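Me: I am new to this structure and would like a close look at a single part of it. Please take me through that part slowly, and then show me what lies around it.

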Amino acid sequence: MKPPERARLRRLAIAALAATAGILAALWLLGSIPGPGTRGETVTVFIPRGTPFGQVVDLLDRNGLLRSRLVFRAMAHVTNAPRRVKAGEYEFTRSMSPGEILTKLVDGDFKKHAITVPEGFTVRKIAARLAAEGLVDEGEFLRLARDRAALGRLNIPAASAEGFLFPDTYSFYRGLDAGAILERMAGRFREKVTPEMTAKAGAQGFTLLQWVTLASIIEKETGLK
């Protein structure tokens, strides 16, 4: 290749790099501009599993979160975000920039629901409370709470999860299945009911199941809701 041709190709390559850098810089600046709403305005958006990225953009736009669909899509494709968006329920403010929205979607920063399970709550009441928040199908939760295989995986030595779901305040998000929620609550029981407590129950002549059953009866008799 002759020197003039090499020089011309070098100039073209430098120009292309400069243009690319300019486009990326422009996208970065546009991506940091706040959204069309005020800072206090919040909106909840649920993205079902398997939703194409184009429909995700439609959802965000319909909820007044985007100043420019074109800028948002360009930013997303530059960062390969369309393949990394996680399905779930999100809470945004209408003042969020495109970059902030994309970060939330890629990180899976889901909206959390605080669920309080008081002492003495039965499995049926727990299922009803979770269902009221739209977190589980009530029937599915109750079915799993009596399923031998599921109970075995949770290390629950009983025919039901009754008494083995620790009363506490939990933070769940929509999209967790009933099995994952049961696992979290049964895991909290195992954290709180220490080996020392189990040994003490054994010294009194009780198995873990008998001890949990007795505790549940006492709670009901004392009128705890």
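Reply: In this predicted model, the side chains of strand 4, which covers residues 169–172, alternate along its length: Tyr-170 and Phe-172 point to one face and are buried, whereas Thr-169 and Ser-171 point to the other face and are not buried. Strand 4 is paired with strand 3, made of residues 113–116, and the two run in the antiparallel sense with four bridges between them; within that pairing, Ser-171 of strand 4 is the bridge partner of Ala-114.

Strand 4 also has a neighbour in helix 8, which spans residues 178–192 and includes Arg-188. Setting aside residues within four places in sequence, Arg-188 is in contact with Thr-169 and Tyr-170, and also with Phe-166 and Asp-168. Arg-188 counts as buried because its relative accessible area is 19%, and the cut-off for that word is under 20%.

Turning to the aromatic rings, Tyr-173 forms one aromatic cluster together with Tyr-90, Phe-92 and Phe-110, while the charged end of Arg-174 sits over the ring of Phe-46, at 4.2 Å from the ring's centre. In the whole structure a search finds six aromatic pairs. One of them joins Phe-53 and Phe-72, whose ring centres are 6.2 Å apart and whose planes meet at 10°, so the pair is stacked. Because Phe-53 belongs to helix 2 (residues 53–62) and Phe-72 to helix 3 (residues 69–78), this pair ties together parts that are 19 residues apart in sequence, and both Phe-53 and Phe-72 are buried.

Notes. Residues are numbered from 1 along each chain as its sequence is written. This is a predicted model: local features need pLDDT of at least 70, side-chain atom pairs count only at pLDDT 80 or more; totals for chains, interfaces and linings use all residues. Side-chain values use heavy atoms; hydrogens and water are left out. Buried means under 20% relative accessible area, exposed over 50%, partly exposed in between (1.4 Å probe, protein chains only). Contact means heavy atoms within 4.5 Å. Two strands pair if DSSP finds at least two bridges between them. Rings of Phe, Tyr and Trp (its six-membered ring) pair if their centres lie within 6.5 Å; planes under 30 degrees apart count as stacked, over 60 as edge-to-face and the rest as tilted. A charge sits over a ring if NZ of Lys or CZ of Arg is within 6 Å of the ring centre and within 35 degrees of the ring normal.
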